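Open the model in your viewer and set it to show cartoon with side chains available on demand. The tour below goes from one selection to the next.

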Amino acid sequence: MDHYFIVDHLAVDRLLSEWRWLCPQPVALVARSAFGDLFLRDEAGKIFKLDIAVGQMQEVAKSEAEFRNLASTKEKREDWFAESLELAAAGRGLKPNHDQCIAFKTPIVFAESGGPDNACVGSLYEQVSFLGDLNRQLSQLPDGSKVQVRLQK
């Protein structure tokens, strides 16, 4: 569980550069999941989970002490950090280092993401940035909308 809290080497402003549309306030990085989700402390001390896959941010604890206490429970490790999915991915050889995360070649927000070989290890910064931009664009559309992805240089 301690590896979730090894985040001092990460630059929160760089991670959040494409997420300021959802998280404009000053925050500190407290923890992160193997899948790139970020746990952020605001100036009042509240802890928020930024779910990068679906572009949502929600309060999960009133303080860092409460967050750390809850994070020590099996239920919250599963809910917040997807611990069983992380262990399953590790069993398939997907073991990110402190600057990486388990990423998805086709973002899981898309129905087409269900393939067995969709997961890979990728740069945490690149994945968080890419999904911030993607989710910002998708946030303008109704759920279930059809989209066409166009890549530009």
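The stops that follow cover a sheet, the helix packed on it, and two further helices. The model is predicted.

**The sheet**

Select residues 27–32, 38–42, 47–51 and 56–61, which are β1, β2, β3 and β4. These 4 strands form an open sheet in the order β1-β2-β3-β4, with antiparallel pairing. β1 and β4 are the edge strands, each pairing on one side only. From one strand to the next, the twist averages 35°.

Now keep β3 and β4 alone. Their antiparallel pairing runs over 5 bridges. Show Lys-49 and look across to β4: the residue opposite is Gln-58.

**α2 on the sheet**

Add residues 64–71, helix α2. α2 packs on the sheet and touches β1, β2, β3 and β4. The direction of α2 makes about 90° with that of β4.

**α2 against α3**

Add residues 74–81, helix α3. The axes of α2 and α3 are 7 Å apart and the helices pack at an angle of about 105°. An angle of 65 to 115 degrees counts as roughly perpendicular, so α2 is roughly perpendicular to α3. To see the contact, show Phe-67, Leu-70 and Ala-71 on α2, and Lys-76, Arg-77, Trp-80 and Phe-81 on α3. Colour these residues by class: 5 are nonpolar, none is polar and 2 are charged.

**The two sides of α3**

Which residues of α3 are buried? They are Arg-77, Trp-80 and Phe-81. Look down the axis: these residues cover an arc of only 85°, which puts them on the same side of α3. Turn to the face pointing away from the buried side, where Lys-74 and Glu-75 are exposed. Return to the buried residues of α3 and display what they pack against: β1, β2, β3, β4, α2 and α4.

Step past the end of the helix to Ala-82, which follows α3 and has a positive phi, near 50°.

**α4**

Select residues 83–91, helix α4. Glu-83, Glu-86 and Ala-89 are buried here. Viewed down the axis of α4, the buried residues fall within an arc of 120°, so they line one face of the helix. What covers them includes α3 and β5, residues 100–104. On the other side of α4, Leu-85, Leu-87 and Gly-91 are exposed.

The last stop is Gly-93, which follows α4; its phi is positive, near 90°.

Methods
Residues numbered from 1 in each chain as written. Predicted model: local features only at pLDDT ≥ 70, side-chain atom pairs only at ≥ 80, totals over all residues. Heavy atoms only, no water. Buried < 20%, exposed > 50% of the residue type's maximum accessible area, 1.4 Å probe, protein only. Arc of directions from axis to C-beta. Contact = heavy atoms within 4.5 Å. Axes fitted to C-alpha atoms, helices over the stretch in contact; angles between N-to-C directions. Parallel < 35°, antiparallel > 145°, perpendicular 65-115°, else oblique. Nonpolar A, V, L, I, M, F, W, Y, C, P; charged D, E, K, R; others polar. Pairing = 2+ DSSP bridges.
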